[in-house]
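Work through the short exercises below. Each has a task and a stepwise solution.

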Amino acid sequence: MNKDEVAIRYKRCPECLTKMTLSSTKCPSCNQKLGEANQHGLAKKPINWSGYLTTIILWIALIYFIWWGFFR
Ligand SMILES: [Zn+2]
């Protein structure tokens, strides 16, 4: 029997290690959004694209503001 084929019937939250079913998309304990489980049964955190985008836009705005205020 191949070790890699052992069925994982649950996954764990990467934040608080709460066990939940594989189909869960959100931790019932800490509300962390969850993706697929990895081979250790630990759920992956989905990438928060809108969060990254907001951060990048804020940085660009800040850099532009500094340039506009001091270097023009
Ligand atoms: Zn959790």
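**Exercise 1.** Where does Gly41 lie? Classify its exposure.

Solution. Gly41 sits in the loop between strand 2 (19-21) and helix 1 (49-70). Helices (H or I, at least four residues) and strands (E, at least two) are DSSP runs, numbered from the N terminus. The model is predicted: local features need pLDDT of at least 70, side-chain atom pairs count only at pLDDT 80 or more, and totals for chains, interfaces and linings use all residues. Residues are numbered from 1 along each chain as its sequence is written.

Next, apply the cut-offs. A residue is buried if 20 or more other C-beta atoms lie within 10 Å of its own, exposed if 12 or fewer, and partly exposed in between; C-beta atoms are placed from the backbone. Gly41 has 14 other C-beta atoms within 10 Å, so it is partly exposed.

Last, take a distance. The C-alpha atoms of Gly41 and Arg9 are 8.3 Å apart, with their positions 32 residues apart along the chain.

**Exercise 2.** Check the span of helix 1.

Solution. The expected span is 1.5 Å times one less than the number of residues. For the 22 residues of helix 1, that gives 32 Å. The end C-alpha atoms are 32 Å apart, which agrees. Now count burial: zero of the 22 residues are buried, so helix 1 lies largely in the open.

**Exercise 3.** Describe phi and exposure for Leu17 and Asn31.

Solution. Leu17 is not a glycine, yet its phi is positive, about 60°. Leu17 lies in the loop between strand 1 (10-12) and strand 2. It is exposed because it has 11 C-beta neighbours inside 10 Å.

Asn31, also not a glycine, has a positive phi of about 65°. Its loop runs between strand 2 and helix 1. With 10 C-beta neighbours inside 10 Å, Asn31 is exposed.
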